[in-house]
Amino acid sequence: YTLSGSLIVFLVGIPLITMRSFSEERRNRTDQLLFTAPVSLWKIVWGKYLAMATVIAIPNVIFCIFPLIIMSQGTAYLTVDYISIGVFFLLGCVYAAIGMFLSSLTESQIIAFISTFGILLVLYLWDGILSMLPASALSGLLGVLILLALANVFTDIASNSIVDLTGIALYLSIIAVFVFLTIQSIQKRRWS
């Protein structure tokens with residue numbers, strides 16, 4: 001329940017972390033230094049992404065203390081608790097990858113924040129949105145399946161103690177895709 005309640009913090013925290021990642025450099029024209037750096041662009045993007053993942057990891061390390069406190073006072077299911085914390089961290093990393101990509105598309109920090117917040121809010125409210133959509137639409141079905149899998153991986157582990165390795169692979173794939181799209185977005189500006 002603690003981790004599920006903390007998802008709301010991700011809605012504001014992740015856009016705050018990611019909004020300056022590339023938009024500020026684009027606005028100040030310091031992105032030209034990225035293009036001429038002796039380090040490859042993918043190393044720069046992955047370095048920024050890993051820095052954001054480290055910031056997300058700090059509260060998750062603190063969360064690792066909670067099951068031990070619960071165990072000292074009663075019954076704790078350490079395996080499920082620590083897997084839930086790990087998947088919660090991966091979910092934060094997915095959100096950071098999305099936010100970093102959106103930051104690379106604009107030079108305004110505010111637009112990067114609002115667009116990331118909007119997408120994360122839609123993902124957070126997805127179950128309620130699904131209940132309002134007609135189930136027979138074929139075009140909506142594909143989007144529903146992808147986003148439903150994204151939203152349900154964490155809740156399945158946290159609520160039902162079901163570890164879904166395909167869901168974890170989905171998280172890792174989404175991270176890789178959005179980091180790749182960020183690299184391509186910056187690379188496009190390099191050659192234009």
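This report walks through the fold, ring pairs, charged contacts and a surface patch of a predicted model.

## Overall fold

Let's start with the big picture. The chain has ten helices and zero strands. Reading along the sequence, you get the pattern α-α-α-α-α-α-α-α-α-α. The chain runs to 192 residues, and 37% of them count as buried.

## Aromatic pairs

Rings come next. The count of aromatic pairs comes to seven. Take Phe 10 and Tyr 95: their ring centres sit 6.1 Å apart with the planes at 80°, and since an angle over 60 degrees counts as edge-to-face, that is the label this pair gets. The two residues are 85 apart in the chain, with Phe 10 in helix H1 (residues 2–18) and Tyr 95 in helix H6 (residues 78–104), so this pair links distant parts of the chain. Both partners are covered up: Phe 10 has 10% relative accessibility and counts as buried, and Tyr 95, at 6%, counts as buried too.

For another geometry, look at Phe 113 and Phe 117. Their ring centres are 6.2 Å apart and their planes are at 5°, so this pair is stacked. The two are four residues apart in helix H7 (residues 109–124), which means about one helical turn separates them. Phe 117 has a relative accessible area of 28%, so it is partly exposed.

Back to Phe 10 and Tyr 95 for a moment: ring pairs link them with Phe 63, Phe 66 and Phe 88 into a cluster.

## Charged contacts around Lys 48

What does Lys 48 do with its side chain? It meets the side chain of Glu 25 in a salt bridge, at 2.6 Å from N to O. That bridge links distant parts of the chain, with Glu 25 in helix H2 (residues 23–28) and Lys 48 in helix H4, 23 residues apart. Glu 25 is buried at 17% relative accessibility, as the cut-off for buried is under 20%. Lys 48 has a relative accessible area of 22%, so it falls on the partly exposed side of that cut-off.

Lys 48 also has a ring beneath it: the lysine lies over the face of Phe 22, at 4.7 Å from the ring centre.

## The other salt bridges

As background, side chains of opposite charge can pair when their charged atoms come close. In this model the count of salt bridges comes to four. One of them joins Arg 29 and Glu 107, whose closest N and O atoms are 3.5 Å apart. This pair links distant parts of the chain too, and here both ends are in loops: Arg 29 is in the loop between H2 and helix H3 (31–36), while Glu 107 is in the loop between H6 and H7, 78 residues apart. At 53% relative accessibility Arg 29 counts as exposed, whereas Glu 107, with a relative accessible area of 36%, is partly exposed.

There is also a small network: salt bridges that share partners join Arg 20, Glu 24 and Arg 27. Within it, Glu 24 bridges to Arg 20, with the closest N and O atoms 3.9 Å apart. Glu 24 counts as buried at 11% relative accessibility, but Arg 20 counts as partly exposed at 49%.

## A buried serine contact

Is Ser 104 buried or exposed? At 1% relative accessibility, this serine counts as buried. Ser 104 lies in helix H6, and its side chain makes a polar contact with the side chain of Ser 185, at 3.3 Å.

## A nonpolar patch on the surface

Now to the outside. Ile 58, Ile 62, Ile 65, Phe 66 and Ile 69 form a nonpolar patch on the surface, and together they have about 450 Å² of accessible area. Helix H4 (41–63) and helix H5 (65–73) are the elements that give two or more residues to this patch. Which one gives the most? That's H5, with three residues.

On the H4 side, Ile 62 is found in that helix. This isoleucine is partly exposed, with a relative accessible area of 45%. Phe 66 turns up twice in this report: it belongs to the patch and also to the ring cluster with Phe 10, Phe 63, Phe 88 and Tyr 95.

Terms used. Residues are numbered from 1 along each chain as its sequence is written. This is a predicted model: local features need pLDDT of at least 70, side-chain atom pairs count only at pLDDT 80 or more; totals for chains, interfaces and linings use all residues. Side-chain values use heavy atoms; hydrogens and water are left out. Patches are made of residues with over 30% relative accessible area and no salt bridge: like charges are joined within 9 Å, nonpolar side chains (Val, Leu, Ile, Met, Phe, Trp, Tyr) within 5 Å. Accessible areas come from the Shrake-Rupley method with a 1.4 Å probe; for residues, only the protein chains shown count as cover. Buried means under 20% relative accessible area, exposed over 50%, partly exposed in between (1.4 Å probe, protein chains only). Rings of Phe, Tyr and Trp (its six-membered ring) pair if their centres lie within 6.5 Å; planes under 30 degrees apart count as stacked, over 60 as edge-to-face and the rest as tilted. A charge sits over a ring if NZ of Lys or CZ of Arg is within 6 Å of the ring centre and within 35 degrees of the ring normal. A polar contact is a pair of N or O atoms within 3.5 Å; within protein, one must be able to donate a hydrogen and the other to accept it, and residues adjacent in sequence count only if both atoms are side-chain atoms.
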